[in-house]
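Please open the model in your viewer and keep the sequence panel beside it. The stops below suggest what to select next and say what is there.

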Amino acid sequence: MKDDGLKSLSVLYKRLVDMLDEKSHLPAVLQSLGCIAQTAMPVFETREKEIEQFIKKNILERGHTSEGKTKESWEEQSEICSLKIFGIKTLVKSYLPVKDAHLRLGVGDLLGILKNILSFGEISMEIKSSSVDKAHLRLAAAKAMLRLSKHWDNKIPVDIFYLTLGTSEARFPQVKKLFLNKVHQYLKDRYLDPKYTCAFLLDLQFQQPDFEEIKSNLSDVIQIYQQGKARQLSAQSEPMTPAPYPEYILPYLVHALAHHSSFPNIDECKDVKAFESIYRYKCFLVLFIDGYMYRSLKSLRMPHACVILFPIILMIR
């Protein structure tokens with residue numbers, strides 16, 4: 001019975017791959033191929049290269065510029081952009097099989113594709129498309145990186161990690177909201193490494209409309225890891241995997257801030273006031289960890305954790 005099922009799946013798989021060349025019902029075909037990749041990797045690998053090449057050459061490398069009025073509304077996503085997102089999802093699923101994901105080879109090529117999309121909004125900077133399409137694709141690439149990180153975090157270079165975090169600073173508010181909601185969900189589900197908490201900090205401003213929501217999400221995440229720390233300390237005699245403490249994310253936060261585009265160049269900028277904004281609101285997470293979370297944010301001065309953190313940022317910069 002098992003062989004019969006595998007044979008039937010192979011026949012279906014062959015038909016789906018053939019339909020790529022026919023370019024019919026591509027969204028449904030790509031979704032089906034992604035499902036096969038996750039559940040039947042030996043079958044998927046028989047024609048994997050064909051699928052990858054088709055997605056790259058016939059979908060991701062296609063340009064699209066609309067005639068007439070420039071698209072500026074989030075809802076004005078083009079059809080080719082939607083198709084590219086389906087293609088990205090199929091490629092990502094092929095590296096998230098239900099079994100033995102760590103045995104897959106070639107994830108570096110996929111990470112390279114996602115890096116370009118995070119950087120340019122397309123697979124290469126030469127491809128023309130609207131700012132709306134680029135925003136949708138950057139969001140799709142960032143979400144893909146979040147999903148891949150569960151199994152491939154040790155393969156994700158630091159530059160791609162920070163490009164992913166930078167999605168929270170997108171010009172379209174929908175991108176920021178959808179991305180941070182996904183980060184929050186994955187962190188609560190323990191799907192993501194705690195270092196992704198830094199995403200909440202990179203565009204944090206006390207006056208922004210969603211500040212209270214971001215503060216609440218941060219509170220949730222920090223509380224989860226504080227509880228994990230407390231449970232570990234109360235059961236030290238039991239062998240267990242070390243729980244990630246909230247302060248674990250500080251090195252990532254320091255590095256992100258030191259190389260952030262809003263951080264003044266210390267060799268050129270001599271005005272201390274230029275550092276004030278980043279000094280005040282980028283220390284927000286430190287205040288959480290250091291026990292200052294429920295104090296008035298309007299009266300931030302010089303909590304000792306910030307005094308330690310800021311010179312370190314300057315040295316790294």
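**First stop: helix α7**

Select α7, which is mostly covered, with 16 of its 22 residues buried (buried means under 20% relative accessible area with a 1.4 Å probe, protein chains only). This is a predicted model, in which local features need pLDDT of at least 70 and side-chain atom pairs count only at pLDDT 80 or more, while totals for chains, interfaces and linings use all residues. Residues are numbered from 1 along each chain as its sequence is written, and side-chain values use heavy atoms, leaving out hydrogens and water. Helix α7 covers residues 131–152, and its end C-alpha atoms lie 30 Å apart, which agrees with the 32 Å that its 22 residues should span at 1.5 Å a residue (the expected span is 1.5 Å times one less than the number of residues).

**Second stop: helix α2**

Next select residues 26–39, helix α2, where the end C-alpha atoms are 20 Å apart, in agreement with the expected 20 Å. Its buried residues include L26, V29, L30 and L33.

**Third stop: α6 against α8**

Now show residues 107–120 (α6) together with residues 158–165 (α8), which pack at an angle of about 40° with their axes 10 Å apart. That angle makes α6 oblique to α8 (oblique is what remains outside under 35 degrees, over 145 and 65 to 115). L111, K115, L118 and S119 of α6 meet D159, I160, L163 and T164 of α8 in this contact (heavy atoms within 4.5 Å).

**Last stop: the whole protein**

Finally, zoom out to the protein, which has 14 helices and zero strands (DSSP runs of H or I, at least four residues, and of E, at least two).

Key:
Axes fitted to C-alpha atoms, helices over the stretch in contact; angles between N-to-C directions. Buried < 20%, exposed > 50% of the residue type's maximum accessible area, 1.4 Å probe, protein only.
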